[in-house]
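Let's go through this one together, question by question. Have a look at the picture first, and then we'll start reading it.

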Protein chains: 2
Amino acid sequence: MTKYRVAVHIVPRKGLLDPQGKAVAGALHTLGYANVADVHVGRHLVIETSAADANAAEAAVKEMCTRLLANPVTEDYEIAAVQPA
Amino acid sequence: MTKYRVAVHIVPRKGLLDPQGKAVAGALHTLGYANVADVHVGRHLVIETSAADANAAEAAVKEMCTRLLANPVTEDYEIAAVQPA
């Protein structure tokens, strides 16, 4: 078994209202960043887990996302990186 | 001016307690993922902004992180990607 660091992005599904993103965009406009068109706020998780190989680590984390980490109704997830820890 | 999508990771500073990460790790262990050693939970932001070029877009977002988005005491930030929107 090898230890892997798997980075996951969990973001609001496109088309759904992103209140956090709107709030951050508003605050940035207030600070003078008028060029900011939109902001999307999601979660960045780094999971350190042992697995037989990189594919097994990725598959396990995908299962974790489906079962626990990402809300299937309002969120999408993507595996950003799989690296040996 | 060109529109850019800048992805930013804002993560708890190493060495500081990450209660969210501990909670997620505990939940994953409860679900049977005993191989999970550690979990770090941060924020993933995608900022759509117009700028003269990619460097200017990156510089503006770094300034936004320093002034507003990242807590200078407890968080670190990294620019994950700068892409034309």
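**Reading contacts, burial and salt bridges**

Q: Which residues does A:N35 touch, leaving out those up to four places away in sequence?

A: Contact here means heavy atoms within 4.5 Å. Not counting residues up to four places away in sequence, A:N35 touches B:M1, B:E48, B:T49 and B:S50. Before we go on: this is a predicted model, where local features need pLDDT of at least 70 and side-chain atom pairs count only at pLDDT 80 or more, while totals for chains, interfaces and linings use all residues. Residues are numbered from 1 along each chain as its sequence is written, chains are lettered from A and ligands numbered from 1 in the order in which they are written, and side-chain values use heavy atoms, with hydrogens and water left out.

Q: Where is A:N35 placed, and how far in space is A:N35 from A:L45?

A: Look in the loop between helix 1 and strand 2 of chain A. Helices (H or I, at least four residues) and strands (E, at least two) are DSSP runs, numbered from the N terminus. A:N35 and A:L45 are ten residues apart in sequence, yet their C-alpha atoms are 29 Å apart in space.

Q: Is A:N35 buried or exposed, or in between?

A: Buried means under 20% relative accessible area, exposed over 50%, and partly exposed in between (1.4 Å probe, protein chains only). A:N35 counts as partly exposed because its relative accessible area is 39%. Try A:A25 in helix 1 (residues 19-30) of chain A next: at 8% relative accessibility, A:A25 is buried.

Q: How is the size of an interface often given?

A: People often quote the accessible area lost when the parts come together. Buried area is that loss (1.4 Å probe) for two parts, summed over both. In this model, chain B and chain A bury about 2800 Å² between them, with 61% of it on carbon and sulfur atoms. The contact takes 31 residues from chain B and 31 residues from chain A.

Q: How many salt bridges and how many residue pairs in polar contact are there between chain B and chain A?

A: A salt bridge is a side-chain nitrogen of Lys or Arg within 4 Å of a carboxyl oxygen of Asp or Glu. A polar contact is a pair of N or O atoms within 3.5 Å; within protein, one must be able to donate a hydrogen and the other to accept it, and residues adjacent in sequence count only if both atoms are side-chain atoms. Between chain B and chain A there are zero salt bridges, but 19 residue pairs are in polar contact (both at pLDDT 80 or more). On the side of chain B that touches chain A, strand 2 of chain B gives the largest share, 15 residues.

Q: What joins the side chains of B:H9 and A:H9?

A: A polar contact of 2.8 Å. B:H9 sits in strand 1 of chain B and is buried, because its relative accessible area is 8%. Leaving aside neighbours within four places in sequence, B:H9 is in contact with several residues, including A:H44, B:H44 and B:Y77.

Q: How many salt bridges does the structure hold over all chains?

A: Twelve, over all chains. In one of them, the side chains of A:E75 and A:R43 meet at 2.8 Å, N to O. A:E75 lies in strand 3 (residues 75-84) of chain A and A:R43 in strand 2 (residues 36-51) of chain A, so this pair ties together parts 32 residues apart in sequence. A:E75 is buried at 18%, and A:R43 is partly exposed at 27% relative accessibility.

Q: Which residue does B:R5 form a salt bridge with?

A: That's B:E48, with the closest N and O atoms 2.8 Å apart. B:R5 lies in strand 1 of chain B and B:E48 in strand 2 of chain B, so the pair ties together parts 43 residues apart in sequence. B:E48 is buried, with a relative accessible area of 12%, whereas B:R5 is partly exposed at 27%.

Q: What separates B:R67 and B:E63 in helix 2 of chain B?

A: About one helical turn, because they are four residues apart in that helix. Their side chains meet in a salt bridge (3.9 Å, N to O).
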